[in-house]
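Please work through the following exercises with the structure open. Each task is followed by a solution in steps.

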Amino acid sequence: MKCEFLLLLLSWLWLWAAGGVVASNSLSSSGIGSDSGLSNVRIRRASVDVDNAAGQHSIIDLPDCQDLRKYCTHQKTSDNLSMLECALSFSSSQLEALPEPCQHALWLQQRQLQLNSWVEHTLLPSYCAAEQGKLQSCLNSVDLWGCLEDQRQQMPQSSTCQQHLRRAHAALGPDYANIGDFYTVCGSLVEQQKCGRMNVEHLPALLSQLGTVQCLMANVNPATPMDTNCKMAINAIELQRGMLELFRVCAEDLTALCPQERPGTASGYKCLVRHKNDPSLRSHCATQIALRDQQMGRDYRVSHGLAKACKDDIKLHHCRRGVSEDKQVRLAQILLCLESVSKNGTKLAPECLVELSDHRRMLMTDYQLSPELLSDCADDIPKFCPEQHKAHLVNGFTGSGGEIIHCLLEHVRARRAQHRVTSQCQRGLETLIKVSDAGEDWRVDPVLRRACKPVVDVACKDVEGGEARVISCLMERIGTPVMRPECEQALLIIEYFVARDFKLDPQLYKHCRDDAIKYCRAKRQWDDVQDVQMDPERGPLILPCLHRMAYSEDEHQTLHKDCFREVKRVMRQRAISVDLMPEVEDYCLSDLSQFCGEHTEKGSEMECLQNKLEKLQPECKTVVTKYTEEEAANVELNPVIMAVCTEAMQQHCSDILKAGTDNGNMMDCLISHKNDADLRKDLRCRAAIEHFQIISLKNYHFTTKFKEACRPYVSRHCAASATKNEVVACLSEVMRNDTIKAQRHQIPKDCRQQVKSQLYQQRESIALDPKLGNACKIELEQFCADQKGPGQELECLVQNTPRLGKACHHAIFMIKKSELGDSGTDYTLLNTCKEMVYKFCPNEESVKLLDCLKKYKDDSSFDQRCHLVVVNRMIEQNTDFRFNPSLQSACGKNIDRYCSNIVATAQPNEELNGKVSFLYQIFSKYT
């Protein structure tokens, strides 16, 4: 025995000289490989154990490992590798019964298997001497055991080296690569605290080190700083421990609801999350999921699937933003960073994109995933969503998913302040919509998905998914028979937030990002923690800026073609509701609440504000006026016209549609055709056109062409005029005086044509001349109740001039004075005599058409209806020389000379009716 001991000692010394004593200092504290252990060495069998030959203390000889003798008799040898193999086959109860020092020794042995030094100085010399030269190259490989496994598979099954390599690889465990990092960063601390523990519960991957971590957390002095990398590894295991507990509690639920999924997997967890609102889910499981959600919101690494799939992208793009690896990082920060990378054109790993999409859905399903909502909306949830909140407290789930979130979102849009969530809650909801990117994919929001799936299946089934294409399709269907109320409501809730940040509309952002940066001071990055300028309360709005640029007259400041198209599309879609116009809604909340609470149909809120324009608060009046100007110039901003006049625009105004630009041309075109046969039958379109005409009476700026042609001359001649009709009357009087005096017109031709156009429209319908309508209200009911056609009411009043009351008479006098002075404004004459004008007066100026028609009225081919109108006009002219500009121009001096006393005493708005025979004679001469 003494001789054998000396031989053993010499072997140990030889290996030490060759560097074979592995980690002697670090292992000495455990008693393995220490000098004190050598005295306890006994020869147990005829064969010499490898560990003894290597100078290492045998685990089986440790006093605390005597149970191994009892349970490992089947092992052919008692070397440390064999003891580790045996222990790994133990049941949980057997492992738990092993004393902690023995578990620590076994843990150290398992750790040694990953060390290059153990392979080089113990495994290869002892078992693979013949193959050592070939296997030596694996010591320099990045994956040591991967290389050894490749070599092993090429060896014969009978090879001793092949068998021992297989044993050692099996003892490492299937997740040795993941555990290796833990060994590296925490190994010294584990040895120092003697905390190595076996995997008692046979947990997978990093969780196999759970017992070790629990020992460390119990024994490490909190006042002593822990290595950052080790702390991070411990955090990772603690996070997985939470997942373990969840699957333990939810084992039955997983089997029942997700039979195809395995416990502990990311897909199994996602399946449980999808079913967390299922009534059959047990409350204990729902509570665990809710707890996990809260943890995930605070630290994205709780989601093992996301952390693993996006690890490289998170690191590459600095998504932790300077936060040390051992600190928590909110899920929202990581998702926003990855979204920003993707939005700005950089491709993410496919598996990361899948995780990103899954987590966006999860955010919109459960508000507990967003710490901001938990804190910022703590008071708002029970106040505004009591039923949903109670269900959550009692049952641990919230209906079918997303109800609390949508309830809060709905109260962001409330008109009355007392029904709106607090500003901090609104900020939290804005963050949620941005992080989840709910405006990009309609399926992210469970409430929107459930409400709109029937509509999508019918109206948008052929639309390619992604980049908000389906949402855009749904927006186009609002107001159509296929749209459902619940879908429209859920859609407008999401679009409310999208409308307030142009970056949340993928197509708009994609095509307009460069223009927004160039013209509208937009940030270059999709997500910027310092970026507050997209907030309507704290900075400029990008979309209105882009809209102004879309119609800029500066050829050096124009949008790209694709951006121009997207701006038009977005402005058209958002015109359906004031909620989607932050530039209007933010200033008009009180007026909307006071005047327009019952207006819920498409576009009706804006119509209501326009109708009440004079009563609005100053700020609201200003923004509504501005919007109405834009609406007049771009009919696509008028959702009512767009909804009911599509056929009319295609039939009569197709050239404007093809041109792609409007600038008021479309509205002018529709007005000019509204009395055509097809539009007389299309009552809805005709009513929409007339309604806009009536709205335009409030301000001449609401008629684009008129505004552009006449603005300088309104300021010069009609500054005191308030409404458009007053402006038109004022400019018309200037034009008439210039004509009578035969002097150069102060009003240029473009403006004169616009004035005539407005007068012509007034003559067509008394509704477009409120002043006349009010003055003649009684007479219209008394004499003209059955006259409802274009121009018929006015013609009726003219024919009944002698029977009119004073106020109505005066108003009609001014109209006759205007019409008889310029035939181009006489609606009845122009429309009744259209063919006669074409036949007899094709080249005549519109102002002189009556004079021309007089000459041919007795022609045998002259139309009788036109003849009657012309004769009536002649009779009207004979009642007062002021109705005959030609007479005034030719005889003005004579009238002043011979009839000045009569003219001086004449009423300005009553006919002379032949009181002056001389004037009558003169008048007759010229008629």
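The exercises below concern a predicted model and treat its disulfides and one serine.

**Exercise 1.** Determine how many disulfides a search of the whole structure finds.

*Solution.* A disulfide is a covalent bond between the sulfur atoms of two cysteines. In the model, a pair of cysteine sulfur atoms counts when the two lie within 2.5 Å. The search of the whole structure gives 26 disulfides.

**Exercise 2.** Describe the disulfide of Cys 250 and Cys 285, and state which parts of the chain the pair ties together.

*Solution.*
Step 1. The sulfur atoms of Cys 250 and Cys 285 are 2.0 Å apart, and the cut-off is 2.5 Å.
Step 2. The angle about the S-S bond is 110°, and the link is right-handed.
Step 3. Cys 250 belongs to the loop between α15 (228–249) and α16 (251–257), whereas Cys 285 belongs to helix α18 (residues 283–298); the pair therefore ties together parts that are 35 residues apart in sequence.
Step 4. Buried means under 20% relative accessible area. Cys 250 has a value of 0% and is therefore buried. Cys 285 has a value of 0% and is likewise buried.

**Exercise 3.** Is the disulfide of Cys 596 and Cys 608 left-handed or right-handed? Locate both cysteines as well.

*Solution.*
Step 1. Cys 596 and Cys 608 form a disulfide with their sulfur atoms 2.0 Å apart.
Step 2. The torsion about their S-S bond is about -85°, so the disulfide is left-handed.
Step 3. Cys 596 is in the loop between α34 and α35 (604–611), and Cys 608 is in helix α35, 12 residues apart.
Step 4. Both Cys 596 and Cys 608 are buried.

**Exercise 4.** Analyse the disulfide that joins Cys 784 to Cys 796.

*Solution.*
Step 1. The S to S distance of Cys 784 and Cys 796 is 2.0 Å.
Step 2. Because the torsion about the S-S bond is about -85°, this disulfide is left-handed.
Step 3. Cys 784 lies in the loop between α47 (777–783) and α48 (792–799), and Cys 796 lies in helix α48, so the pair ties together parts that are 12 residues apart in sequence.
Step 4. Cys 784 is buried at 0% relative accessible area, and Cys 796 counts as buried at 10% relative accessibility.

**Exercise 5.** Is Ser 593 buried or exposed, and which residues does Ser 593 touch?

*Solution.*
Step 1. Ser 593 lies in helix α34, residues 582–595.
Step 2. Its relative accessible area is 15%, so Ser 593 is buried.
Step 3. Not counting residues up to four places away in sequence, Ser 593 touches Arg 415 and Arg 416.

Terms used
Residues numbered from 1 in each chain as written. Predicted model: local features only at pLDDT ≥ 70, side-chain atom pairs only at ≥ 80, totals over all residues. Heavy atoms only, no water. Helix = DSSP H or I, 4+ residues; strand = E, 2+ residues; numbered from the N terminus. Buried < 20%, exposed > 50% of the residue type's maximum accessible area, 1.4 Å probe, protein only. Contact = heavy atoms within 4.5 Å.
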